[in-house]
Amino acid sequence: RHALGSLGKSRAKFISAEETTGVTFDDFAGQEYIKRELQEIVRILKNDEEFQDKGIYCPKGVLLHGPPGTGKTLLAKAIAGEAGLPFFAANGTDFVEMFVGVAASRVKDLFANARSYAPSIIFIDEIDAIGSKRGGPDIGGGGAEREQGLLQILTEMDGFKESTAQVLVIGATNRLDILDPALLRKGRFDKIIRVGLPSRDGRLAILKVHARNKFFRSNLERDALLQEIADLAVDFTGAELQNILNEAGILTARKDKDFIEREELLEALKRQKGTFETGQEDSTTIPEDLKIRLAYREAAVAVVACYFPDPYRPFIQASGEIKFIVSNTDISTISSKPNMQYAEFSGKAFFRKSDYVNLIVKACTPRVIEEEMFGIDNLSWISAKATSEASRHAEFLILQTGMTAFGKAYYRNLSDLVPNLAAKLESLRSEYIRFAVEKCSSVLHEYHSAVETITGTGTQIIACFYVLLEKGWIKADEIWDIYRKAPRIPQKPVRP
Ligand code: ADP
């Protein structure tokens, strides 16, 4: 009786206005446009009447989507903090229960609570746990229950119209693709904001936020060090960047030092990556046959990147280099992605159709080179990964850009397709893949000698220190040098 008594109660954590005001938009760095959008919502939330007179209404739901650790929860709290509103934090998994009626009543309870404090904010993290597509496979059971919970959310959000009490619902997910489309309809989560991985400038800004309470010898030294870490921490999330600074602080304290220095920051970065880079002394930890494959893959990817220079993400800058990056615990965790680092372009990217097609060609590279060098019966997981990557790019081009013979419509995903369209997609996709594989193979054929030189297996045309296999790394300007000087074999023509 006692345990069941609380079943219908929402497990949402209530945070009063006084507590949330601690978090502001200043705590979120990078992706300034997200802040601008949300600041506008805060203005409307605060001056509800003034805006209503002008016929402007606050959105009922804001959906933040993107990888974990990119600051979605932080943004939700900042909205509450900036608007000075109480905040109810729940998690989609709180509503997934096997008992009949519990999910729906928990949702009801949460909304009733929030309404009694209105204006207020409800934050539902991992909303996909309750809001995934209906009628899908019911893994783990509780499907009908979850459906009831989802329906209740929809009912509650639709109900706001009548009541004047303003409750803003913020949802967060990293699986936008599996959300039930009903949630995204007008009047529900009609503001969808992507919170992506930060750019290089974004990473620097985030590091600066988290360096505010840390000690450095001088501001000048701090800024130079943070810039260096921002350059190295490609694809890191805000949460990971924060960890680097915390870890560096701990290392500094452990050494009884007063200031964080380069050494601690680099050590913390390394720990956060969970990897170390193989120098001469460690390179034996990769089995020789895998090492050769990896070297060919990196070399081929580099050559194709030189061939299709990307104006928006210029191929590794002169100071960049390719390395074998290997986990210190387990060979199976060796990244299946090429290790090349791209210099990032911090302006707005603008892609043309040919750029999309080139992406497919580039993605095929690991597969094409592996087949060429090791034979079709001797492919490895490197090829499997490349195949899925290339297909993903092709599907995106066909389904979501309206630039191909498939048509001008946008399709969210494959399951949107009626059967005859699926067949059309299939034939177009294999056409694009065929073209990409042939084009890639033709480029690699033309520049075969450059690939061999970078790998370090061929006859050395320049000098033998360009040896990826022996040194484990190569600088980008050396790659460019080899690429430009290598003897070329004329390309075979490729049918478009
Ligand atoms: P998510 O909800 O997207 O998984 P969180 O908001 O929980 O991510 O992020 C965890 C922590 O990482 C935040 O509390 C914050 O300290 C830090 N963080 C993440 N992104 C950023 C950012 N863009 N700017 C500043 N800090 C960030």
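I began with a pair of helices in this predicted model, and found that α9 and α10 are oblique to each other. The reason lies in the angle: an angle outside the parallel, antiparallel and perpendicular ranges, the last being 65 to 115 degrees, counts as oblique, and the axes of α9 and α10 cross at roughly 135 degrees. Those axes come within 8 Å. I also noted the handedness: α9 passes α10 in a right-handed crossing.

Next I looked up who touches whom there. From α9 I listed Arg200, Arg203, Leu204, Leu207 and Lys208; from α10 (residues 219-232) the partners are Leu226, Gln227, Ile229, Ala230 and Asp231. By class, this contact of α9 with α10 holds five nonpolar, one polar and four charged residues.

Then I turned to another pair, α13 (residues 288-307) and α19 (residues 476-485). I read an angle of about 70 degrees, with the axes 10 Å apart, and α13 and α19 are therefore roughly perpendicular to each other. Ala302, Val303 and Cys306 of α13 meet Ile479, Trp480 and Tyr483 of α19. I sorted the residues of this contact too: six are nonpolar, with no polar and no charged ones.

Last, I went to the ligand. Which residues come nearest to the ligand? I found Gly71, Lys72, Thr73, Gly238 and Ala239, out of 17 residues around the ligand. My helix α9 (200-210) turns up again here: α9, α5 (72-83) and α11 (238-254) each supply at least two residues of the shell. I closed the page with the make-up of that shell, which is eight nonpolar, seven polar and two charged residues.

Technical notes
Residues numbered from 1 in each chain as written. Predicted model: local features only at pLDDT ≥ 70, side-chain atom pairs only at ≥ 80, totals over all residues. Near = placed C-beta within 6 Å. Helix = DSSP H or I, 4+ residues; strand = E, 2+ residues; numbered from the N terminus. Nonpolar A, V, L, I, M, F, W, Y, C, P; charged D, E, K, R; others polar. Axes fitted to C-alpha atoms, helices over the stretch in contact; angles between N-to-C directions. Parallel < 35°, antiparallel > 145°, perpendicular 65-115°, else oblique. Left-handed = near helix turned anticlockwise from the far one by under 90°. Contact = placed C-beta atoms within 7 Å.
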